[in-house]
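Visitor: I'm new to looking at protein structures, and I'd like a guided tour that ends up at one part in close-up. Please start wide and then zoom in.

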Amino acid sequence: MAVLEILTYPDERLKQASQPVGTVDEVLRAFIADLEETMDAGPGGVGIAAPQVGCFERIVIVDCTRTRKPVPNHGRLYLINPEITKWDGMAVGREGCMSVPDYTGNVIRAEAVSLKALDLQGQPLELRCEGFEARAIQHEMDHLDGLLFLDRLVSRRNDLFKRKVYQQSK
Ligand code: NI
């Protein structure tokens, strides 16, 4: 296992769209273990996407058990080729990103999403997520399409905030 280097804004590679995973096998699972270790080594991240470490495949990990306030969640999610099939509601919320370490921003997201993906065994998975977990999943999936939360701010002037310190979530 290894902690991988995180690409940070304005690295152009963060704008690259990722390709669907073809085969879920031991090689892929070994990469996902490194991706997970990289997320866990970071300061309070609730998710990570493969392109943040320069691997342009459609893989994200989300774990909302690490938030400061408890939120409804499904534990640690490993989502391969995730697709959102239903969006409900809209809410504004504050987001941060390991690839944008110095800022947070207010972003509008769906309040709840239904999604499908493959799990670590390559088996289909369907989920309904709401609130902060839905937000985290939408944020991580944006990385797969080369988007950062910075791209979704309504206004850079009003919705972007400089961090003093990247706070630990626990
Ligand atoms: Ni991010």
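What radius of gyration would a compact globule with 170 residues have, and what does the protein chain have? After that, please show me helix α2 up close: which strands does α2 touch when it packs on the sheet?

Guide: Happy to, with one thing up front: this is a predicted model. On your opening question, a compact globule with 170 residues would have a radius of gyration near 15 Å, and the protein chain has 15 Å, so the two agree. If you draw a box along the principal axes, the C-alpha atoms fill roughly 45 × 35 × 30 Å. Of the 170 residues, 49% count as buried. The chain also brings together parts that are far apart in sequence: take the contacts between residues at least 6 apart, and 68% of them join residues at least 24 apart.

Now for the parts list. There are three helices and eight strands, and reading along the sequence you meet them as α-β-β-β-β-β-β-β-α-α-β.

To place α2, you need the sheets. One is an open sheet of five strands in the order β1-β2-β3-β6-β7, with antiparallel pairing. At its edges stand β1 (47-49) and β7, and each has a single partner strand, so one side of each is left without a neighbour in the sheet. From one strand to the next, the twist averages 40 degrees.

Look at how those edge strands are attached. β1 and β2 pair in the antiparallel sense over three bridges, with glycine 47 standing opposite valine 62 in β2. Helix α1 (residues 26-41) packs on this sheet, where it touches β1, β2 and β3, and its direction makes about 40 degrees with that of β2. Helix α2 packs on the sheet as well, touching β1, β2, β3, β6 and β7, and its direction makes about 105 degrees with that of β3. That's your second question answered.

Over at the other edge, β6 and β7 pair in the antiparallel sense over seven bridges. One spot to find there is alanine 117, opposite leucine 125 in β7. These two strands form a hairpin with five residues between them, and in it glycine 122 takes a positive phi near 80 degrees.

Next comes the other sheet. It's an open sheet of three strands, in the order β4-β5-β8 and again with antiparallel pairing. Its edge strands are β4 (91-95) and β8 (160-162), each pairing on one side only. The twist here averages 20 degrees from one strand to the next. Helix α2 (residues 131-144) lies across β4 and β5 and runs at about 65 degrees to β4. In other words, α2 has a place on the five-strand sheet and also on this one.

While you're here, glance at the β8 edge. β5 (residues 103-109) pairs with β8 in the antiparallel sense over three bridges, and tyrosine 103 has lysine 162 as its bridge partner in β8. Lysine 162 has 56% relative accessibility, so it counts as exposed. Leaving aside neighbours within four places in sequence, lysine 162 is in contact with Asp102 and Tyr103.

Back to α2, and what it adds to the interior. The largest nonpolar core has 19 residues, and the ones that touch the most other members are Leu79, Val113, Leu115, Leu127, Cys129 and Ile137. At least two residues of this core come from each of β2 (59-63), β3 (76-88), β6 (112-118), β7 (124-130) and α2. The largest share, five residues, is supplied by α2. For a feel of the packing, click on leucine 127: not counting residues up to four places away in sequence, leucine 127 touches His74, Leu77, Leu79, Val113, Ser114 and Leu115.

Finally, the metal. The nickel ion has three protein donors, Cys97 (SG), His139 (NE2) and His143 (NE2), and they lie 2.1 to 2.2 Å from the ion. Along the chain, these donors follow the spacing C-x41-H-x3-H. Both histidines sit in α2, four residues apart, which is about one turn of the helix. Histidine 139 and histidine 143 are both buried. So keep two views of α2 in mind: its five residues in the largest core, and its two histidines at the nickel ion.

Terms used:
Residues are numbered from 1 along each chain as its sequence is written. This is a predicted model: local features need pLDDT of at least 70, side-chain atom pairs count only at pLDDT 80 or more; totals for chains, interfaces and linings use all residues. Side-chain values use heavy atoms; hydrogens and water are left out. Two strands pair if DSSP finds at least two bridges between them. Axes are lines fitted to C-alpha atoms, for helices over the stretch in contact, and angles run from 0 to 180 degrees between N-to-C directions. Contact means heavy atoms within 4.5 Å. Donors are N, O and S atoms within 2.8 Å of the metal (3.2 Å for Na, K and Ca); water is not among the atoms, so sites may look incomplete. Buried means under 20% relative accessible area, exposed over 50%, partly exposed in between (1.4 Å probe, protein chains only). A nonpolar core is a set of buried Ala, Val, Leu, Ile, Met, Phe, Trp, Tyr and Cys residues joined through side-chain atoms within 4.5 Å. The radius of gyration is taken over C-alpha atoms; the globule rule is 2.2 Å times the number of residues to the power 0.38.
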